[in-house]
Each structure stands twice: as structure tokens, then as C-alpha cells.
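Here is a colleague's note to read with the model open beside it. The points move from some backbone details to the strands and then to the pockets.

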Amino acid sequence: MPAPLNTFKQALLGGETLIGCWMSMAESYTTEILGGAGFDWLLIDGEHAPNDIRSIRDQMVALKGSASHPVVRVPIGETWLIKQVLDVGAQTVLVPMVETADQARELVRACRYPPGGTRGVGYSVGRASDFGQMPNYGPTADEQICLLVQVENKAGLDNLDAILAVDGVDGVFIGPADLSASLGYLGQSMHPEMQATITGALKQISDSGKAAGILTPDDGMIQASLDAGARFVAVAMDIALLLNSAKAVSAKWKDKIS
């Protein structure tokens, strides 16, 4: 039995546009709920959310059988971290703060088994191979891994063409908040200068043949990103969905009784 087909990767290769949601609650219960909400993909955030390998695993389990594909963002592009998230079953990994082509090449190697990579061979006891019940997992795993890298500072932007030329990088995600801060616009990702920079980068990625991605809850920016060629777009965040809905209900009934 081979490694499972990565439907997210196949959809991107087929030119589809995929809509996602960012998950920062770090709870399998809310992940399971969002798994039935109709998103094409769901991001389990290991960088800015209180996730560890066990909570990431639990959320992967919660999404088993869901049509929403789990994407795991590691906190940093370390080989040992990537190994862990792959072993618990992630097939699509997002790595933040990628600045150079050399860094991107090392990340590709971290996602592949030897001799083409450095991923540790322990799949006989890992969730990724259904605990050894996929006897052909190892030889077939590499082609089902989808590596997404984040370009979110000036160095990464300056080296974008070189990063895009790295074989094995499947998509490049633009991080609006960090990129804006790096370019002197902290907290101002909607500034016209930043909007032009962001959409320009998305177009550059799309024109290269790689998949371009972004996170933004702003309708105007979502449409501008799609128009620029973005094909995996997170349009909402779990915390914001809960908070905004709760505030709206609270305000509605407070107004009625005031």
C-alpha cells in the first residue's frame, strides 16, 4: 500500500484555487468542527499558537475523514521539527521566514527520505504509515509531501526569484504582517505601498508556475490576491470567527435591553 494521495498538492498542480481557514485555538474539538465547515484546507499553526507535537497530532486525528486538508505550520524550519510533523501524518508543511534558496533547498531535503534527503526513516512506527500497515509508504512518501515556504521579510522578497527556482518547493506563501513590519509598515499591511508589494509578489510567484498563497480576512484584499494569482488563500481565522460572532451577539442583545 503506497502513501495516501495528497489531494491538496494534486489540486494545486491541477490549477485549482483552494480556500482555507487559519486555526490558532490548538484544540482538536474546534478543529473537528471546522473540518465540517467546507474549507478546502485548514492551517494548524505551530508558530504563533500554543501547539506542540501532541496537539498537532490530535488535530490531525480530528480531521481524519474530513474533506478539509490539514496544513501544518512549524514554528521554524528545523529538520527535526519537520520530521516530527511528517511522522504524525502531515503531508503538507508550511515553513515561516524563508529567506534564501539555500534554506529552501535544505527544507526540501528535510521532507525527503535518503538518498535524496535527510528525513529520518522511522515510518514503521509512525502514524504517517498507519503504524507500519502501509508497507510501501517509504518509497512512495516523498512525492506526496507538499512543501510551502513563507516569504515574509525584505531578505526573502529580495531572493524570491531564487527561492522560486528551487525544485521541490511547491508553493510560496506571502506573510503580510511580517513583510509589512520588515519594510517599515508595522501593523499597516493595508497601506497602498504594501498592497502593491504584496500583490506584486503574488503575481511573481504565480508567473513562475509555483502556487501562491496568503492569509487575509479582508474581502478586498482576498479578491486582489486572487486577481494577482493566489491559489491557496486563507480567508478566515478561528479566533476571529469566534470573537467577532460572540461580540455581535452580545452587542445585539445589550442594545435591545438598553
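1. Asp130 is found in the loop between α5 and α6, and since the model is a predicted one, its backbone deserves a careful look. The phi of Asp130 is near 55 degrees, a positive value in a residue other than glycine. Most residues other than glycine have a negative phi, and most peptide bonds are trans. With a relative accessibility of 32%, Asp130 counts as partly exposed, because that class takes in what lies between the 20% limit for buried and the 50% limit for exposed.

2. The loop between α5 and α6 also holds Pro115, and here the peptide bond itself should be checked. Pro114 and Pro115 are joined by a cis peptide bond, with omega at about 10 degrees.

3. Met97, in the loop between β4 and α5, can be read in a similar way. Its phi is positive, at about 50 degrees, although Met97 is not a glycine. Met97 is partly exposed, with a relative accessible area of 30%. A positive phi of about 115 degrees is also taken by Gly89, which comes just after α4.

4. The strands can be taken together. A closed barrel of eight strands runs β1-β2-β3-β4-β5-β6-β7-β8, and the pairing is parallel. On average, neighbouring strands of this sheet are turned by 25 degrees against each other, with direction ignored.

5. How is strand β1 tied into the barrel on its two sides? Strand β1, residues 18-23, runs parallel to strand β8, residues 230-237, and five bridges join them, while four bridges join β1 to β2, again in parallel. For orientation on screen, Leu18 has Phe232 as its bridge partner in β8, and Met23 stands opposite Ile44 in β2. Strand β1 is mostly covered, with five of its six residues buried.

6. Further along the sheet, strand β2 (residues 41-45) and strand β3 (residues 69-73) pair in the parallel sense over five bridges, and within this pairing Leu43 stands opposite Val71 in β3. The pairing of β3 with β4 is parallel too and is made over two bridges, and the bridge partner of Arg73 in β4 is Leu94. In β4, Thr92 and Leu94 point one way, Val93 and Val95 point the other way, and all are buried.

7. Helix α4, residues 79-87, has Leu81, Ile82, Val85, Leu86 and Asp87 buried. An α-helix has 3.6 residues a turn, so residues three or four places apart point the same way. What covers the buried residues of α4 includes α3 (53-62), β3, β4 (92-95) and α5 (101-110), and these elements are worth displaying together with the helix.

8. Is Gln144 buried or exposed? Gln144 has its place in the loop between α6 (137-141) and β5 (146-151), and at 9% relative accessibility Gln144 counts as buried, because the limit for that class is under 20%. Leaving aside its neighbours within four places in sequence, Gln144 is in contact with Ala3, Pro4, Leu5, Asn6, Lys9 and Gln91. The C-alpha atoms of Gln144 and Lys210, which are 66 residues apart along the chain, are separated by 16 Å.

9. Turning to empty space, rolling a probe the size of a water molecule over the atoms shows where it is left. The largest pocket holds about 570 Å³ of space. Its lining is made up of 23 residues, of which Pro4, Lys64, Gly89, Gln91 and Arg127 lie nearest the centre. By class, the lining of the largest pocket has 13 nonpolar, seven polar and three charged residues.

10. The second largest pocket has a volume of about 340 Å³, and of the 20 residues that line it, Gly175, Pro176, Ala177, Asp178 and Leu215 lie nearest its centre. Which element gives the largest share of the lining of this pocket? Helix α9, residues 176-182, does, with three residues. By class, the lining of the second largest pocket has nine nonpolar, six polar and five charged residues.

Key. Residues are numbered from 1 along each chain as its sequence is written. This is a predicted model: local features need pLDDT of at least 70, side-chain atom pairs count only at pLDDT 80 or more; totals for chains, interfaces and linings use all residues. Side-chain values use heavy atoms; hydrogens and water are left out. Two strands pair if DSSP finds at least two bridges between them. Axes are lines fitted to C-alpha atoms, for helices over the stretch in contact, and angles run from 0 to 180 degrees between N-to-C directions. Buried means under 20% relative accessible area, exposed over 50%, partly exposed in between (1.4 Å probe, protein chains only). Contact means heavy atoms within 4.5 Å. On a 1 Å grid over the protein atoms alone, a cavity is a set of points where a 1.4 Å probe fits but cannot get out, and a pocket is an open set with protein on both sides within 12 Å along at least five of seven lines; lining residues have an atom within 4 Å of a point. Grid points are joined across faces, edges and corners, and a volume is the space filled by probe spheres set on the points. Ala, Val, Leu, Ile, Met, Phe, Trp, Tyr, Cys and Pro count as nonpolar, Asp, Glu, Lys and Arg as charged, and the others, Gly among them, as polar.
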